[in-house]
Amino acid sequence: MSALATAPRRAGSPRGLRRGEALAGWAFTAPVLLILGVFLLVPVLMALWVSFSDWSGRGSPLSSDVGFVGLDNYAAVTTGGGLAERDFGVALRNNAWYVLLVVPLQTALSLFLAVLVNRAVLRGRGAFRTAFYFPSVTSSVAITVLWLFLFSTSGVVNTVLARLGIAGPNWFNEPSGVLHNLLGALGVRSGPQALTEHGFLGLSWWDWLAGPSVAMSAFVLMAIFTTSGTFMLLFLAGLQNLGPDVDEAAMVDGANGWQRFWRITLPQLRPTLFTVLTLGLIGSWQVFDQIYTGTQGGPGKTTLTPAYLSYQSAFLSQEWGRGAAIAFILFVIIVLLTILQRWILRERR
Amino acid sequence: MNPTTRRRLPRKALAGQVALYALLIALALVYVYPFLVQVATSVKTEADAAADPVSLIPDPLTWAAYGRLFLRSDFPVWFANSAVVTVLVTAGRVFFDSLAGYALARLRFRGRSVVYAALVAVMAVPAVVLLIPKFLVINQLGIYDSYAGMVLPLLVDAAGVFIMKNFFESIPASVEEQARIDGAGTFRIFWSVVLPMARPALVTIVILSFQGSWNELSHFIVSAQSPSLTTLTKGVASLASGQLSQGSQYPIKLAAAALMTVPVAVMFFVFQRRIMNASEGAVKE
């Protein structure tokens, strides 16, 4: 009976089946395409328009009384000479130092943790992995709240430092740059004229070289604390894919553990290293949640980041065109740096 | 080999072992201790929290912070909003991501490679860049300050589609072909044959979506403003900048932070094995 019923269908040419498949293919992908189109593609195009307009946040940005201002918004933050340019310069400087510290440190620490917990004979392996990974599952808001407490003036960190005989800084209220402080300790309190008289984006070269502020350094530590677990898992996966034979051969040849790590293990981990560095770079240019929750850019704008500045310009100062322009410049920076990094780490023959 | 070196070697190895465990325990302490401090401080009085922040033993123990949060703040509203959004987003992603993932893995249709390329492009857009854009569209569509504006844009994610696509490609097609020969329609095959087999991948999507939408902050900042639509992340962030309080009020803030961590922590411990394996599978190259 059922064989009879299906026989004509089976004979009914694969083309009929295929046509149904095409329809189903589009029907199955339609919800995803529709939502991503409406809430991702269209928004980006609209924001691109806003970045070329003088929209002030009232009414629709598509209405006729919104004017086209060309590259004015981009010019205001890059060559304007005013506060907008200086703020953008400061935000870029802050985030650049953040990236420069976070990416190498989180990569090194997560690799170190992965190597430690990758040992075949290790009691409590699972417990250690869990401990290192746990900060990664919690929300950035909750961690920031915790960090504000740990690094408060008379908080946990400073109490521990005091027991070691060190007077801790006033972390989240301390705007001075770490490099300037180091130079200050060596007696250098102001920069050479060559650095103080010239600059970029409204900021003298001397100020670019201030280093991350003490407040930003606390965020650097937080980023390392929360991301090292995730990246540790990536490195663990990479380590577990390596065969033991090369390592054993090197051991027979008399290479010690240190040499084996640098000459054998690390080169083989290259693909994972590449993934971790790329994800780290992309992630650390998007500092927003921490700043929104914790410092709102302070103290002295030293935790201001391009992402937060973009939000602040648009939603708080109603400078929508400028905010959108900053977002697009940030986008370009992230793309360019990712390409640059791919080029630097490319496989050389 | 002379006997003295033979006896010495294990002793050296033992010293190495002790050093390794000491290092690991010290590191683990650094990672865990902040969370212990968080919980301990949430049951301290404000004076105690300020006087001895390092101690893990409250003196005296008080539940005042929790009482304050539940009885005299909007905390329950925030919690409920986060729960509603998280459940809807997770359900949406499980369904839509697997639908699209199945189509990309199995169904042959004109334009499939274009759809695939579009999804790859979407994943390359950094989320922070979308803050202003998303607000513009949500506002234009008239769904600003509503659950629709909070939930709809999060309802699908390209990464989830890829996870499902990869999974469907890894299972043999023979079972589906049998069902097709028996005359079942494509959706029917997907729903009652393929989806039940996809449990491991679906659990991965559930974990990622749950964690992602529970911890999401920036999207809710740009999609709603009224207090009745505030989520936990937004609410606790406002606590952090001191809207509830005079003084530092650390016990209350840390109690709120601890409570908002509980659901993701439970999720993590329930699916621990799966989470560790999921991230291992994700980077196989």
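The legends below describe close-up views of a predicted model with chains A and B.

**View 1. The contact between chain A and chain B.** In this predicted model, chain A and chain B bury about 8100 Å² between them, and 79% of that area lies on carbon and sulfur atoms. On the side of chain A, Phe28(A), Phe39(A) and Phe149(A) lose the most area to chain B, and together they account for 10% of what that side buries. The contact draws 95 residues from chain A and 95 residues from chain B. Between the two chains, ten residue pairs are in polar contact, with both residues at pLDDT 80 or more. Helix 2 of chain A, which runs over residues 13–51, supplies the largest share of the side of chain A that touches chain B, namely 23 residues. Sorted by class, that side of chain A holds 64 nonpolar, 22 polar and nine charged residues.

**View 2. The salt bridge between Glu21(A) and Arg108(B).** The count of salt bridges between chain A and chain B is one, while a search of the whole structure finds six over all chains. The pair that crosses between chains runs from Glu21(A), in helix 2 of chain A, to Arg108(B), in the loop between helix 4 (75–106) and helix 5 (112–123) of chain B. Their side chains meet with an N to O distance of 3.7 Å. Side chains of opposite charge can pair when their charged atoms come close. Glu21(A) counts as buried because its relative accessibility is 5%, whereas Arg108(B), with a relative accessible area of 46%, is partly exposed.

**View 3. Two salt bridges that involve helix 4 of chain B.** Arg93(B) forms a salt bridge with Asp157(B), in which the closest N and O atoms are 3.9 Å apart. Arg93(B) lies in helix 4 of chain B and Asp157(B) in the loop between helix 7 (147–151) and helix 8 (158–170) of chain B, so this pair ties together parts that are 64 residues apart in sequence. Arg93(B) is buried, with a relative accessible area of 12%. In the other pair, the side chains of Arg106(B) and Glu176(B) meet in a salt bridge at 2.9 Å, N to O. Because Arg106(B) lies in helix 4 of chain B and Glu176(B) in helix 9 (residues 174–181) of chain B, the pair ties together parts that are 70 residues apart in sequence. Both Arg106(B) and Glu176(B) are buried.

**View 4. The surroundings of Ser152(A).** Ser152(A) is found in the loop between helix 6 (140–150) and helix 7 (156–163) of chain A. With a relative accessible area of 15%, Ser152(A) falls under the 20% cut-off and is therefore buried. The side chain of Ser152(A) reaches the backbone oxygen of Phe149(A) at 2.8 Å, and Phe149(A) is itself one of the residues of chain A that lose the most area to chain B. Leaving aside neighbours within four places in sequence, Ser152(A) is in contact with Asn158(A) and with Tyr250(B).

**View 5. Ser228(A) in helix 11 of chain A.** Ser228(A) has its place in helix 11 of chain A, which covers residues 214–241. The relative accessible area of Ser228(A) is 0%, so this residue is buried. When residues up to four places away in sequence are not counted, Ser228(A) touches Leu109(A), Ser110(A) and Leu113(A) of chain A as well as Tyr31(B) of chain B.

**View 6. Backbone features in loops of chain A and chain B.** Most residues other than glycine have a negative phi, and most peptide bonds are trans. A cis peptide bond joins Gly298(A) and Pro299(A), with omega at about -5°, and Pro299(A) is found in the loop between helix 15 (289–293) and helix 16 (306–316) of chain A. Gln296(A), also in the loop between helix 15 and helix 16 of chain A, has a positive phi near 50° and is partly exposed, with a relative accessible area of 33%. Gln318(A) lies in the loop between helix 16 and helix 17 (320–344) of chain A; its phi is positive, near 60°, and its relative accessible area of 38% makes Gln318(A) partly exposed. In chain B, a cis peptide bond with omega at about 0° joins Asp59(B) and Pro60(B), and Pro60(B) is found in the loop between helix 2 (46–51) and helix 3 (64–71) of chain B.

How values were computed. Residues are numbered from 1 along each chain as its sequence is written. Chains are lettered from A and ligands numbered from 1 in the order in which they are written. Side-chain values use heavy atoms; hydrogens and water are left out. Helices (H or I, at least four residues) and strands (E, at least two) are DSSP runs, numbered from the N terminus. Buried means under 20% relative accessible area, exposed over 50%, partly exposed in between (1.4 Å probe, protein chains only). A polar contact is a pair of N or O atoms within 3.5 Å; within protein, one must be able to donate a hydrogen and the other to accept it, and residues adjacent in sequence count only if both atoms are side-chain atoms. Contact means heavy atoms within 4.5 Å. Buried area is the accessible area (1.4 Å probe) that two parts lose on being put together, summed over both. A salt bridge is a side-chain nitrogen of Lys or Arg within 4 Å of a carboxyl oxygen of Asp or Glu. Ala, Val, Leu, Ile, Met, Phe, Trp, Tyr, Cys and Pro count as nonpolar, Asp, Glu, Lys and Arg as charged, and the others, Gly among them, as polar.
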